[in-house]
Amino acid sequence: MKLFILLFPFLELFTLIELGDHIGSLNTLFYVLATFFGGLTLLKQQGLSMLKQAQAAQTGQPWISSRLLLDDMAIGFAAILLMIPGLLSDISALFILISPLRRKLASMLGQKAPEPTTFYDRKADKNFTVIEGEYEEKNRE
């Protein structure tokens, strides 16, 4: 893994040089700029979407899906990968952007897909009561 992280910039540079050899240097430059601005736009859109969801959760919507939050973070990570010049990062970003491939990739990496759970906001529930008290721990002997 350390070797891959060390070689990743060189592999990205090699793929860009090969792409420039096949389609021309000017087209490669346009490709790099297009993926950068595409990733920047996607990151901005995803950030605003997550901000709106967080505001909605604070103002009264009591349920936020953890799967939705994980998907939003994965799309933000894919946008950052698109901003990195190179074909390997762009292909990785495409895998992350496609939802079934993202879940398959997460399961291959050992991550269990989160259950579609929700977070409970007790402030929004009018029937919620708090029972206060004190307790004392006693050792079993």
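## Helix α2

Let's start with a quick check on helix α2, which covers residues 25-59: at 1.5 Å a residue, its 35 residues should span 51 Å, and the C-alpha atoms at its ends are indeed 51 Å apart, so the two values agree. Do keep in mind that this is a predicted model.

Several residues of α2 are buried. If you want to find them in the viewer, look for Thr28, Val32, Thr35, Gly39, Leu42, Gln46 and Ala57.

## Met83 and its partners

Next, have a look at Met83, which sits in helix α3 (residues 66-83). Its relative accessible area is 22%, and because buried means under 20%, Met83 counts as partly exposed.

Which residues does Met83 touch, leaving out those up to four places away in sequence? They are Thr35, Phe36, Gly39, Leu40 and Leu43. Two of these, Thr35 and Gly39, are among the buried residues of α2. For Gly39 there is also a backbone distance to note: its C-alpha atom is 5.2 Å from that of Met83, although the two residues are 44 apart along the chain.

## Where α4 meets α5

Helix α4 (residues 87-97) and helix α5 (residues 99-108) have axes that come within 5 Å and cross at roughly 100°. An angle from 65 to 115 degrees counts as roughly perpendicular, and α4 and α5 are therefore roughly perpendicular to each other.

On the α4 side, the contact is made by Phe95, Ile96 and Leu97, while α5 brings in Ser99, Leu101, Arg102 and Leu105. Sorted by class, that contact has five nonpolar residues, one polar and one charged.

Methods:
Residues numbered from 1 in each chain as written. Predicted model: local features only at pLDDT ≥ 70, side-chain atom pairs only at ≥ 80, totals over all residues. Heavy atoms only, no water. Axes fitted to C-alpha atoms, helices over the stretch in contact; angles between N-to-C directions. Helix = DSSP H or I, 4+ residues; strand = E, 2+ residues; numbered from the N terminus. Parallel < 35°, antiparallel > 145°, perpendicular 65-115°, else oblique. Contact = heavy atoms within 4.5 Å. Nonpolar A, V, L, I, M, F, W, Y, C, P; charged D, E, K, R; others polar. Expected span 1.5 Å × (residues − 1). Buried < 20%, exposed > 50% of the residue type's maximum accessible area, 1.4 Å probe, protein only.
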